[in-house]
Amino acid sequence: MLIFTAALTLTLAATPVARRLAVRTNMVDKPSQRKAHLSPTPLLGGAAIYAAVLLALIIFGDKFYVHQVAGIVIGASLISFLGLWDDRTPLPAWAKLLGQVIPVIVLIMTGVQVSIFHSSALNIIVTILWVLFITNAVNFLDNMDGLSAGVAGMASSYFLLLAALSDQYLVGALTAALLGACIGFLFYNFNPASIFMGDTGSLFLGFVLAAVGIKLRFPSNIPAVTWMAPVLVLGVPILDTSLVIISRLRRSKNPFTTPGKDHLSHRLVKMGYSRREAVLLLYLLGSIFGMIAVFVTQATMLEAAIVGLTVFAMGVSVIIFMERVIRQPD
C-alpha cells in the first residue's frame with residue numbers, strides 16, 4: 001500500500017512538471033491525419049511515470065527487494081531512455097527494435113526468463129519474442145487518450161491480485177508501483193488529455209508488464225496450465241496488435257512502420273462509440289481477460305484447455321469481424 005500510494009502521489013506531482021518541461025523543450029505531439037488529437041499535446045508524461053515507479057521502489061522497497069528486481073529496473077530504464085530518444089528524434093523502426101533487444105538481454109542475464117521448456121535455447125528465444133511483442137503491443141495501444149495507461153493499469157491490478165494470491169511479495173510490490181503510477185497519470189491523460197506518455201512511458205510499461213508476466217509463479221498449479229495467465233491478463237494489447245499486424249499485412253503494408261487508424265479503439269469509434277466509450281469498453285475487456293486469468297490459475301488441465309480454446313476462438317472471431325465489417329481506409 002505504501003508503494004502504491006507513493007507512486008500515485010509522485011505521478012500526480014511529477015506530471016505537471018513534465019508537461020511544462022515538454023512545452024519548454026518543444027517535445028510536443030502535433031496533430032496529423034493519422035492521429036486522434038486536434039491540438040499540439042506535450043509528451044514526457046512517460047518520464048513522470050518512470051520516475052514515480054522508480055522512486056516509490058527505492059523509498060519503500062527494502063534492499064533485498066531492489067536487488068531482486070535489479071534486472072527489471074535496469075532493463076526498464078534502458079528502454080525508457082530509448083523511448084525518450086525516439087520522442088525527441090524519431091528513430092527508424094529497425095533501430096528502435098534493435099535498441100529494445102539490449103534490455104531484454106539484461107533481463108535474461110539477471111535470470112528473468114521463461115522456464116517452461118526443457119531447452120534453455122528455446123526458453124531464451126521465447127523470452128525475447130514475448131518481451132519484444134508485449135513491449136511493442138503496449139506501445140501500439142497508445143493511440144487514444146487514456147487507453148494505454150488505463151489498460152496497463154488494469155493489467156497491473158490483476159498481476160497484483162495474482163501475486164497476492166500466490167504470496168509473491170516482490171512481484172506484488174512492483175505491480176503496486178505500476179498501478180499507482182498509471183492511475184495518477186490517468187488524471188491528466190484521460191480524455192481530453194493534457195499530456196501524452198509518449199514512447200518513454202509506453203515502452204516502459206510494456207517492458208515491465210512483460211517482465212512481471214515472466215516473474216509470476218503459481219505453486220498451486222502446474223506450468224502447463226498457468227502459462228496462460230499472463231497471456232490472458234495482457235489480452236487487450238495482444239488482441240489489438242494481432243489485429244493491426246494482420247490488417248496491415250493484408251493490405252501489403254509494413255505493420256511496424258505504417259501508421260493508421262486501424263486499431264481496436266479506432267474501429268469501435270467507427271462503429272458509433274465516442275472515444276471515451278471506446279476506451280472504457282477496452283478497459284472492460286481487459287478486466288474480463290483478467291478475471292479469466294484468475295480462474296485459469298486454479299483450473300484443471302481440461303478446464304484450462306477449454307477456456308484457452310474458447311478465448312482464442314473469440315479473439316479470432318473479433319479480428320475477422322473487425323477486418324471484414326469495420327475495415328479502415330488505407
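Helices α7 and α9 run roughly parallel to each other in this predicted model. Helix α7 spans residues 147–165, and helix α9 spans residues 198–215. Their axes come within 11 Å and cross at roughly 20 degrees. Angles under 35 degrees count as roughly parallel, so α7 and α9 fall in that class. The crossing of the two helices is left-handed.

Which residues of α7 meet α9? From α7 come Ser148, Ala152, Ala155, Ser156 and Phe159. From α9 come Ser202, Leu205, Leu209, Val212 and Gly213. By class, this contact has six nonpolar and four polar residues. It has no charged residues.

A second helix pair has another geometry. Helix α6 covers residues 120–141 and packs against α12 at an angle of about 85 degrees. The axes of α6 and α12 are 9 Å apart. Angles of 65 to 115 degrees count as roughly perpendicular, and α6 is therefore roughly perpendicular to α12.

The contact of α6 with α12 can be read residue by residue. On the α6 side are Trp130, Phe133, Ile134, Ala137, Val138, Phe140 and Leu141. On the α12 side are Val236, Pro237, Ile238, Asp240, Thr241, Ser242, Val244 and Ile245. By class, 12 of these residues are nonpolar, two are polar and one is charged.

Take Thr241 from that list. Thr241 sits in helix α12, which spans residues 235–250. Is Thr241 buried or exposed? Its relative accessible area is 4%. Buried means under 20%, so Thr241 counts as buried. Leaving aside neighbours within four places in sequence, Thr241 is in contact with Phe133, Ala137 and Phe140. Those three residues also appear on the α6 side of the helix contact.

Next, look at Gln100. This residue lies in helix α5, residues 93–109. Gln100 is buried, and its relative accessible area is 1%. What does the side chain of Gln100 make a polar contact with? The partner is the side chain of Asn136, at 2.7 Å. Beyond residues up to four places away in sequence, Gln100 touches Ile79, Leu82, Leu132, Asn136 and Leu203. Leu203 falls in the range of α9, residues 198–215. Asn136 falls in the range of α6, residues 120–141.

Now turn to the loops. Ser166 is in the loop between α7 and α8. With a relative accessible area of 14%, Ser166 is buried. Not counting residues up to four places away in sequence, Ser166 touches Arg217 and Pro219. Ser166 and Thr297 are 131 residues apart in sequence. In space, their C-alpha atoms are 9.8 Å apart.

Pro192 belongs to the loop between α8, residues 169–189, and α9. The peptide bond leading from Asn191 to Pro192 is cis. Its omega is near 0 degrees.

Two residues deserve a check of their backbone torsions. Leu44 has a positive phi of about 75 degrees, although it is not a glycine. Leu44 is placed in the loop between β2, residues 41–42, and α2, residues 45–60. Its relative accessible area is 6%, so Leu44 is buried.

Asn26 also has a positive phi, about 60 degrees, and is not a glycine. Asn26 is found in the loop between α1, residues 2–24, and β1, residues 28–29. Is Asn26 buried or exposed? Exposed means over 50% relative accessible area, and Asn26 is exposed at 52%. Along the chain, Asn26 and Arg88 are 62 residues apart. Their C-alpha atoms are separated by 8.8 Å.

Arg88 falls at the end of the α4 range, residues 70–88, and the loop between α4 and α5 holds Pro90. Pro90 is exposed, with a relative accessible area of 67%. How many residues along the chain lie between Pro90 and Phe256 as their separation? They are 166 residues apart. In space, the C-alpha atoms of Pro90 and Phe256 are separated by 14 Å.

Definitions and conventions:
Residues are numbered from 1 along each chain as its sequence is written. This is a predicted model: local features need pLDDT of at least 70, side-chain atom pairs count only at pLDDT 80 or more; totals for chains, interfaces and linings use all residues. Side-chain values use heavy atoms; hydrogens and water are left out. Axes are lines fitted to C-alpha atoms, for helices over the stretch in contact, and angles run from 0 to 180 degrees between N-to-C directions. Helices (H or I, at least four residues) and strands (E, at least two) are DSSP runs, numbered from the N terminus. Angles under 35 degrees count as roughly parallel, over 145 as roughly antiparallel, 65 to 115 as roughly perpendicular and the rest as oblique. A crossing is left-handed if the near helix is turned anticlockwise from the far one by less than a right angle, and right-handed if clockwise. Contact means heavy atoms within 4.5 Å. Ala, Val, Leu, Ile, Met, Phe, Trp, Tyr, Cys and Pro count as nonpolar, Asp, Glu, Lys and Arg as charged, and the others, Gly among them, as polar. Buried means under 20% relative accessible area, exposed over 50%, partly exposed in between (1.4 Å probe, protein chains only). A polar contact is a pair of N or O atoms within 3.5 Å; within protein, one must be able to donate a hydrogen and the other to accept it, and residues adjacent in sequence count only if both atoms are side-chain atoms.
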